[in-house]
Amino acid sequence: MPKNKKTDTSVNNREFAVITYCFIGLFLCMMGYFTYFQFVKSEDFINNSYNMRQETFSTTILRGKIISADGETLAQTQAAADGKETRIYPYGSLFSHIVGYSTEKYGRSGIESWANFNLLRSHVFFLEKAMDRLTDKKSIGDDVVTTLDVKLQRIAYEALGSYQGAVAVLEPATGKILAMVSKPDFDPNTISNDWETVVADENKASVLLNRVSQGLYPPGSTFKIITALEFMRENPVSYTNYEYECQGSIQKGEGTLGCFGGRAHGAVDLTRSFAESCNTSFANIGLSFDEDHFADTCKGLLFGAALPVEKMETVKSSFALHSGALDSEVMETAIGQGKTLMTPLHMLMLTAAIANDGTLMKPYVVDYTKTHEGQKVKEYEPVAYGQLFEKKETEALQGFMKEVVENGTGSALKGAGYEAYGKTGSAEYGANKGDSHAWFVGYAHKAGKEDIAVVVLMEGAGSGGTYAAPAAKRIFDFYYGG
Ligand SMILES: [Zn+2]
């Protein structure tokens, strides 16, 4: 029956067409993924420091140098006559956490890890590469030029002194990291030999931890920047009329809380409360808050979120206040105690955004890569993360932070040859009342120079105004030339 036969054929044709399209579709998917992998994923794949494939690069490429912004070599590989290679760090422990280490046995850290892929690639002129192949010589890998400044790093290192803690300096307008110090530190030249001792960590010092990005601390009074912001957001017009009479302590519900050293600040407005770091006034402010709104503000400021810093290992800051919290908890949280924990890097990034009229630039440390002959290979441009604060908010916060220096707890920075802005903190920790970490976070401005922002955290040092602010001053003084 011809009619049926025709139908059979069209069914066959249709099946055939469906199968064909399926194969074509599958093929396109595979090609698509292959292309994607080749151009997008392969870099991530190769850059995984536990990946075997990048190790094969090191059989044909001599690992490139890591160089500071001012042209100094921070890490380089020397090959002996017998072919044995040694990674050398001319500045020893000065850059231990940020430059990191590169070892056969224990992997890599810091820039050595983040830029591993760049260091193990070579963009030398193709004739040189061809000659290298012919003579069975390794090609020289690309150099990674960083945003780090050796002199500033040294000042930051000295400013932290013998304390454990963290210091970092960045440029608010670009996000360039100029210096980053974490103590205790280690010597990357001998890390393989020292590994057992460093990791054994008998003093619980967590030597390998980069305290700038991985150390979680109670923010203490530096958190008043955020409490002040929340007060302005909840009272956008009337916050300027705020008045409070500080008698040295405040009692509400289960909680009692006092000002530093039991001092009574008397009549204060918001600016004076901030400049004098008046705990009782800020506790009073906190008690007026809508806790859920406060939590939203903190969420918008990257609490509980991964910090937008390319490749760097960071830990999340935490803010745990919720509606229905006890008065004592609310008061503690408003002054940066309680359950709130922050990394110094996070605090620095918020301050940099305030200095930059609200826009947070993503911090970065690799400026560009080049061949050993100086040919630029890849340049990294500043990238904006987004607007964290409104302009009018940053204007108000800048005013408060200026007053801290002019007439408040940051007077160590007063009268310098630049305009300084900041907030001190003495963050209590542990069971002993009175044990505190010294904090300072701030930035400075001088015509003709880029602004810089600085964070200082000295574990167990005591008062932020007495210890951390002078340490920050050393950095500003050096940078702005006294
Ligand atoms: Zn007070």
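Two strands count as paired here if DSSP finds at least two bridges between them. The model described is a predicted one.

**Domains**

The protein chain is divided into domain 1 (2-47), domain 2 (55-146) and domain 3 (153-362 + 381-480). Taken over C-alpha atoms, the centres of domain 2 and domain 3 are 37 Å apart. Contact between these two domains involves 16 residues of domain 2 and 16 residues of domain 3. On the domain 2 side, helix H3 (residues 96-99) supplies the largest share, four residues. By class, this side of domain 2 has nine nonpolar, six polar and one charged residues.

**The five-stranded sheet**

An open sheet is formed by five strands in the order S10-S9-S21-S20-S19, with antiparallel pairing. Which strands stand at the edges of the sheet? They are strand S10 (177-183) and strand S19 (419-428). Each has a single partner strand, so one side of each is left without a neighbour in the sheet. From one strand to the next, the twist averages 5 degrees.

Within this order, S9 is followed by S21. Strand S9 (residues 165-170) and strand S21 (residues 452-458) are joined by six bridges in the antiparallel sense. Val169 stands opposite Val454 in S21. In a regular strand, side chains alternate between the two faces of the sheet.

Helix H15 (residues 344-355) packs on the sheet and touches S9, strand S20 (436-445) and S21. The direction of H15 makes about 150 degrees with that of S21.

**Strands S8, S16 and S17**

Strand S16 (residues 366-370) pairs with two strands, S8 and S17. Strand S8 (residues 143-146) runs antiparallel to S16, and four bridges join them. In this pair, Val145 stands opposite Tyr368 in S16. Strand S17 (residues 376-379) also pairs with S16 in the antiparallel sense, over three bridges. The bridge partner of Thr369 is Lys378 in S17.

S16 and S17 form a hairpin with five residues between the strands. In this hairpin, Gly374 takes a positive phi near 100 degrees.

The strand pairs with stated bridge counts are listed below.

| First strand | Second strand | Sense and bridges |
|---|---|---|
| S9 (residues 165-170) | S21 (residues 452-458) | antiparallel, six bridges |
| S8 (residues 143-146) | S16 (residues 366-370) | antiparallel, four bridges |
| S16 (residues 366-370) | S17 (residues 376-379) | antiparallel, three bridges |

How values were computed. Residues are numbered from 1 along each chain as its sequence is written. This is a predicted model: local features need pLDDT of at least 70, side-chain atom pairs count only at pLDDT 80 or more; totals for chains, interfaces and linings use all residues. Domain bounds come from an automatic or database domain assignment. Two residues are in contact if their C-beta atoms, placed from the backbone, lie within 7 Å. Ala, Val, Leu, Ile, Met, Phe, Trp, Tyr, Cys and Pro count as nonpolar, Asp, Glu, Lys and Arg as charged, and the others, Gly among them, as polar. Axes are lines fitted to C-alpha atoms, for helices over the stretch in contact, and angles run from 0 to 180 degrees between N-to-C directions.
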